[in-house]
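Subject: Structure handover

Hello,

Here is the structure for your files. Notes on the contents are below it.

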Amino acid sequence: SNVSPIAMAGAYATVANNGIYCQPKAIDRVVDSDGAEMTPPVRACTQVIDPKVAATAAYALEGVMHRGGTGSQANPYDGTPLLGKTGTHETYHTWMIESSSKVTTAAWVGNIDGFNDVFEPFGGLRYILARQTQATANAVYGGDPFPEPDSNLTRVILRDLPSVIGLSVDEAVNRLNAAGFQVNVGDAVDS
């Protein structure tokens, strides 16, 4: 149940494109043997994420690419606003997906056969691949700032959690419900 790099790029491109999913484009130009231009395949685009949700997700993913973020090593720091996400599967696969508002790239380092550790000696390879690929895309296509996040989706409402120490389960549930919390009681677990 592996996923392809082009599918991952398509998913993150949707966030970077205000929630509009466009079928990934692998062909920019087609020329026949006589040098005549041919029409490349047509792509379909569909709004699949609310633009406010996409803008807020982009805002969160931009932090990944800033200094100190888990994807900062893949940032070419060329002035193009980027969002991104790292990912790993144990020590067998590692990802770096990043996107401007114009182009999304995906770098995958992993095993197509077997379970060798991709971090020894290749730990930083995903960052090198991603940084160089995105820098090239940025130089050709550039990128604009991402929309501002929706303030209703980024606000934090803090409430004090009442103490339920020493209460029965029913008393604790009642106290938490009275304070405005939704309570789900799970099964008992041996400690």
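The notes cover confidence, one strand pair and one pocket.

This is a predicted model, in which local features need pLDDT of at least 70, side-chain atom pairs count only at pLDDT 80 or more, and totals for chains, interfaces and linings use all residues. Residues are numbered from 1 along each chain as its sequence is written, and side-chain values use heavy atoms, with hydrogens and water left out.

Confidence: the chain has a mean pLDDT (the predictor's confidence in each residue, from 0 to 100) of 92, and 99% of its residues reach 70 or more. Helix α2 (residues 51-65) has the highest mean, 98, and β5 the lowest, 91. Helices (H or I, at least four residues) and strands (E, at least two) are DSSP runs, numbered from the N terminus.

Strand pair: β5 (residues 83-89) and β6 (residues 93-99) run antiparallel and are joined by seven bridges; pairing requires at least two bridges found by DSSP. Threonine 88 has threonine 94 in β6 as its bridge partner. The two strands, β5 and β6, form a hairpin with three residues between them, and glutamate 90 in the turn has a positive phi of about 50 degrees.

Pocket (an open set of points on a 1 Å grid over the protein atoms alone, where a 1.4 Å probe fits, with protein on both sides within 12 Å along at least five of seven lines; lining residues have an atom within 4 Å of a point): the largest one holds about 690 Å³ of space, the volume being that filled by probe spheres set on the points, which are joined across faces, edges and corners. Of its 29 lining residues, Lys25, Arg43, Lys102, Val103 and Thr104 are the closest to the centre. The largest share of the lining, six residues, comes from α1.

Regards
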